[in-house]
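Welcome! Open your viewer, switch on the cartoon view, and keep the selection tool ready. We will walk from stop to stop together.

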Amino acid sequence: MPLAVTLLSLCQALLVSGNILLIAVSPLIGAQLASSSWSTAPVATQWLGLMCATIPASLITARLGRRRGFVLGNLCGLAGAGLAVLALHLQHFGLFLFSTWLVGIGIGFGQLYRFAAMEAAPPEQRERAIGLVMGGGVLAAFFGPWLARTSHALADTPFLGSFIGLGALYLVALLLLAFIRLPSEGSGQTVGDDAVAPPRPLGVILRQPIFLLAVLSAMVGYGVMNLAMTATPLAMAHAGHGFDHVATTIQWHVVAMFLPSFFTGRLVARFGAGTMIVTGCAFLLASLATAQLLAADYLTGTQGFFLGLILLGIGWNFTFLPATTLLTHCHRPSEKARTQAANEFLVFTTGAVTALLAGPLVSTLGWALLNLLLIPACLLPIALLAWRQLALRADRPQIEG
């Protein structure tokens, strides 16, 4: 495996570590600087920054090259961490919201690490490359919470040390990027007939069944995972479970999200992306069914919540990673930037909307009913795959004739 893929995996681990740190401290800071009703506002502005970055990040990295784009993203994250330190020192809520928006922009650039890894690897190793990069999240599942607890004690101002630690993560990522050499720097193009072919209209690319399957699978994986994961701590608190149990459950959920990445690529190469997406949807459905068993008292204690989030994490992995592989078959090199930009915008807009809606929905519907209503969403990629197979079978006699 090329050195660039290994370094990108470390950059991914640093990125996810920072994300976990932010999830742990941002709501507490929001409640401290404003009120409990504004506690999730910093998370919302972080997601807003990610949404704002998705399209520009793809276009900028296509223009300047992946490595320069990643450097720019990490500089945005570093600036956000610095402004957060200043905001906490001044106890200024508005400045803190702006700082998390900048951090979100940096995260938006970092979401492209997985595409860069596939481009840096030989064709026969691309599925393994994306798995290795996404697998960096396993390290983050343990390092992120440790950093949140440790850095909290570095300064007298509450949580100020956490953002000093976040800034250190971005500095280390910048150092790693200095040693990364990626193909096609500055052009985003590769040599070949497709590279010089004129790009097709974006509408033509987006209407391809394979693109629809890729983006729908990723949207379902992210949307279902976000809603169920964000609602679970509230349900656990309502059931009387302490914060330590909640934190442990979330931590192992993150492990389940990223640990399969080390072999998901090989499974995709052997069984196909479609089969793995169906498997991922099955895991998501099993997670949602676990919520119903808990509500009916067939499962009790923290074990039920733990099992549900483990299944949820695996389901996300088996839908999101194969969808990324499928996306690479949707475009020519000259169309890469626009296609990836459209995919990232749709997927992470879904993530942002579901993160914002999770609190109101679980308060209004309840945890069990919310999980029940997510079941039809998990069936959508399966239905699209079945329709595609039927369409191919219907066209085959005409082609053979």
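How many of the eight residues of helix H5 (residues 113-120) are buried? Select that helix and look around it. Seven of the eight are buried, so H5 counts as mostly covered. Those buried residues are Tyr113, Arg114, Phe115, Ala116, Ala117, Met118 and Ala120. Remember Tyr113, as we will meet this residue again at a later stop.

**Step back: the whole chain**

Now show everything. Please keep in mind that this is a predicted model. The protein chain has 17 helices and zero strands. Of its 401 residues, 52% are buried. Take the contacts between residues at least 6 apart in sequence: 86% of them join residues at least 24 apart.

**Stop one: the largest nonpolar core**

Which residues touch the most other members of the largest nonpolar core? Select Leu8, Phe163 and Phe320: these are the ones, in a core of 106 residues. Helix H1 gives this core its largest share, 14 residues.

Stay with phenylalanine 163 and show its surroundings. Setting aside neighbours within four places in sequence, phenylalanine 163 is in contact with Leu22, Val25, Ile29, Ala81, Ala84, Val85, Leu88 and Phe96.

**Stop two: a group of rings**

Ten aromatic pairs are found in the structure. For two of them, select tyrosine 222, tryptophan 316 and phenylalanine 320. Tyrosine 222 and tryptophan 316 pair edge-to-face, with 5.8 Å centre to centre and 85° between the planes. Colour helix H10 (residues 209-238) and helix H14 (residues 301-327) to see where the two rings come from. Because tyrosine 222 lies in H10 and tryptophan 316 in H14, the pair ties together parts that are 94 residues apart in sequence. Both tyrosine 222 and tryptophan 316 are buried.

Next, turn to phenylalanine 320. Tyrosine 222 forms an edge-to-face pair with phenylalanine 320 too, at 5.3 Å centre to centre and 80° between the planes. Phenylalanine 320 lies in H14 while tyrosine 222 lies in H10, so this pair ties together parts that are 98 residues apart in sequence. Phenylalanine 320 and tyrosine 222 are both buried.

Add Phe258 and Phe348 to your selection. Together with Tyr222, Trp316 and Phe320, they form one aromatic cluster.

**Stop three: the largest cavity**

How many cavities of 30 Å³ or more does the structure hold? There are three, and the largest has about 60 Å³ of space. To find it, select its lining: Ala228, Thr232, Ser287, Thr290, Ala291, Leu294, Gly304, Phe305, Gly308, Leu309, Trp367 and Asn371. The elements that give two or more residues to this lining are H10, helix H13 (273-295), H14 and helix H16 (367-373). Try colouring the lining by class: you should find six nonpolar, six polar and no charged residues.

**Stop four: the second largest cavity**

Now select Cys11, Leu14, Leu15, Asn74, Tyr113, Leu169, Tyr170 and Ala173, which line the second largest cavity. About 40 Å³ of space lies inside. Helix H1 (3-33) and helix H7 (160-177) each supply at least two residues of this lining. By class, the lining has seven nonpolar residues, one polar and no charged. Here is Tyr113 again, one of the buried residues of H5, which brings our tour back to the helix where we began.

How values were computed: Residues are numbered from 1 along each chain as its sequence is written. This is a predicted model: local features need pLDDT of at least 70, side-chain atom pairs count only at pLDDT 80 or more; totals for chains, interfaces and linings use all residues. Side-chain values use heavy atoms; hydrogens and water are left out. Rings of Phe, Tyr and Trp (its six-membered ring) pair if their centres lie within 6.5 Å; planes under 30 degrees apart count as stacked, over 60 as edge-to-face and the rest as tilted. Helices (H or I, at least four residues) and strands (E, at least two) are DSSP runs, numbered from the N terminus. Buried means under 20% relative accessible area, exposed over 50%, partly exposed in between (1.4 Å probe, protein chains only). On a 1 Å grid over the protein atoms alone, a cavity is a set of points where a 1.4 Å probe fits but cannot get out, and a pocket is an open set with protein on both sides within 12 Å along at least five of seven lines; lining residues have an atom within 4 Å of a point. Grid points are joined across faces, edges and corners, and a volume is the space filled by probe spheres set on the points. Ala, Val, Leu, Ile, Met, Phe, Trp, Tyr, Cys and Pro count as nonpolar, Asp, Glu, Lys and Arg as charged, and the others, Gly among them, as polar. A nonpolar core is a set of buried Ala, Val, Leu, Ile, Met, Phe, Trp, Tyr and Cys residues joined through side-chain atoms within 4.5 Å. Contact means heavy atoms within 4.5 Å.
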